[in-house]
Amino acid sequence: MPNKERNRLCWAFLWAHTQLLIMKTAKPVIFLDFEGVLNTKQYASDLRRSGKMPNDEYGYLFDPMAVNCLREIITEKDVDIVVTSSWRNEGLEKLRKMWNDRNMPGRILDITPFAIDKSVIIDGYMIVQRGYEIKQWLRDNGRDRDYIIIDDQDDFLPEQHRHIVRTDKKIGLSHDDAQAAIKKLV
């Protein structure tokens, strides 16, 4: 076998082996939305009624009950967070700073890519199915299992439905939602 062909095969083997190691050692992932999951209309209303501001320099404050439910998942399962929320427009570093400043549980690993090519315009708004963005992140990171999606919307691909924990946007992430998430994670 010529050296060039042998080198190509060695590199292909090393790449495949590295991908297997990543899949075996990578933590499960929560694809996390914020609106209707961590920040809720109910909590914002409660803050306003008590004369407090519902936001800080980052945006709307997160409901402590929902944050505790997220903490419950992270305590039970060792997971990383990939942000799917529109807040990702702020960039990964700013989200990590906000996460730290707000003393949030867990670690933000990444944000999903923007799948502009999978978008449609409805009533002047660009709508992108988050499912495509999650699919692209999974593909780009050599992952295809050990994940859940926590969101109040349902704009996901059929093969992702078994991974979804759908929240009630009024109350956000609940204890029951947290238990469902824990059961879905391997």
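## Second largest pocket and parallel sheet

The second largest pocket holds about 220 Å³ of space, where a pocket is an open set of points on a 1 Å grid over the protein atoms alone, at which a 1.4 Å probe fits, with protein on both sides within 12 Å along at least five of seven lines, and the volume is the space filled by probe spheres set on the points. This is a predicted model, in which local features need pLDDT of at least 70 and side-chain atom pairs count only at pLDDT 80 or more, while totals for chains, interfaces and linings use all residues. Residues are numbered from 1 along each chain as its sequence is written.

The lining (residues with an atom within 4 Å of a point) includes Glu35, Asn39, Lys41, Tyr60, Asp152 and Lys169, and divides into two nonpolar, three polar and four charged residues.

An open sheet of five strands (DSSP runs of E, at least two residues) has the order 5-4-1-8-9 with parallel pairing, a pair requiring at least two DSSP bridges. Strand 5 and strand 9 are the edge strands, each pairing on one side only. Strand 1 (residues 29-32) is joined to strand 8 (residues 147-151) by four bridges, and Phe31 stands opposite Ile149 in strand 8.

Two helices (DSSP runs of H or I, at least four residues) are tabulated with their contacts (heavy atoms within 4.5 Å) and angles (0 to 180 degrees between N-to-C directions of lines fitted to C-alpha atoms).

| Helix | Strands | Angle |
|---|---|---|
| Helix 5 (residues 130-140) | touches strands 1, 4, 5 and 8 | about 150 degrees with strand 1 |
| Helix 6 (residues 175-184) | lies across strands 8 and 9 | about 175 degrees to strand 9 |

Notes
Side-chain values use heavy atoms; hydrogens and water are left out. Ala, Val, Leu, Ile, Met, Phe, Trp, Tyr, Cys and Pro count as nonpolar, Asp, Glu, Lys and Arg as charged, and the others, Gly among them, as polar.
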